[in-house]
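Reader: Could you take me through this structure, beginning with its charged side chains?
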Amino acid sequence: LDYSGHRLGAEVRAAGRAPGVDGKALVCRGGCAIVPGNPLLSVTDAMTLECWVHTDVAGQSDKWFVNRIYSGGVNTGFRMGLSGGRPSFAIPVTSFSHHLTAEAALPLGRWVHLAGTFDGKVMRLYMDGELRGTLERPGAARGSNLPLTLGSYDAGHRAHFTGLLDEVRLYNRCLTPEEIAAHARAFAR
């Protein structure tokens with residue numbers, strides 16, 4: 001479901017539902033939800049991507065729970081996932097460039113709030129409302145007409161997240177640290 005009012009709902013493919021931080025979460029174990037490509041998903045000058053994740057699996061690497069970067073468009077879009085068990089946020093300039101990875105591993109066995117922001121110059125990655133990394137990334141992001149995949153790199157792909165995903169939100173502005181901290185507290189358990 002799309003609660004923004006833009007009617008950009010997703011098609012669930014081989015994924016289940018389970019209790020989430022608010023309502024039902026997407027069970028990510030190889031399945032995913034796919035939102036068809038739409039210009040509203042092509043934020044370029046500034047953006048925030050946030051979500052809640054829960055996993056009991058340590059060390060997941062090259063596993064994506066929000067993706068809009070695909071082969072053939074590897075220098076467009078954005079994504080968020082795990083690299084070496086740590087949260088990772090990417091907005092490439094060239095093929096597979098500009099992956100910001102948090103300095104700390106994703107905590108296991110509980111819900112964790114993640115947010116990635118981009119203001120046209122710097123990418124920032126937050127975990128539970130605290131800044132966990134920055135990366136200079138000058139220039140606008142490149143838009144795309146590709147779909148947005150939740151829970152995996154793409155349907156049926158091996159780079160899928162194993163865990164739960166909930167409350168994915170995309171903003172066309174860079175949220176402030178105070179706004180991100182407030183969102184992290186909203187469902188904190």
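**A buried arginine and the core**

Author: R79 is buried (under 20% relative accessible area, 1.4 Å probe, protein chains only) yet has no salt bridge, that is, no side-chain nitrogen of Lys or Arg within 4 Å of a carboxyl oxygen of Asp or Glu. The nearest side chain of opposite charge, D62, is 5.2 Å away; Lys and Arg count as positive and Asp and Glu as negative, while His and the chain ends are not counted. This is a predicted model, in which local features need pLDDT of at least 70 and side-chain atom pairs count only at pLDDT 80 or more, whereas totals for chains, interfaces and linings use all residues. Residues are numbered from 1 along each chain as its sequence is written, and side-chain values use heavy atoms, with hydrogens and water left out.

Reader: Which side chain does R79 join in a polar contact?

Author: The R79 side chain joins that of H99 at 3.1 Å; a polar contact is a pair of N or O atoms within 3.5 Å, one able to donate a hydrogen and the other to accept it, and residues adjacent in sequence count only if both atoms are side-chain atoms.

Reader: And where does R79 sit?

Author: R79 lies in strand β7, residues 79–83; strands are DSSP runs of E, at least two residues, numbered from the N terminus.

Reader: Turning to the largest nonpolar core, which residues touch the most other members?

Author: V53, F65, M80 and L114 do, among 33 residues. Such a core is a set of buried Ala, Val, Leu, Ile, Met, Phe, Trp, Tyr and Cys residues joined through side-chain atoms within 4.5 Å.

Reader: Which element gives the most to this core?

Author: β5 does, with four residues.

How values were computed: Buried means under 20% relative accessible area, exposed over 50%, partly exposed in between (1.4 Å probe, protein chains only).
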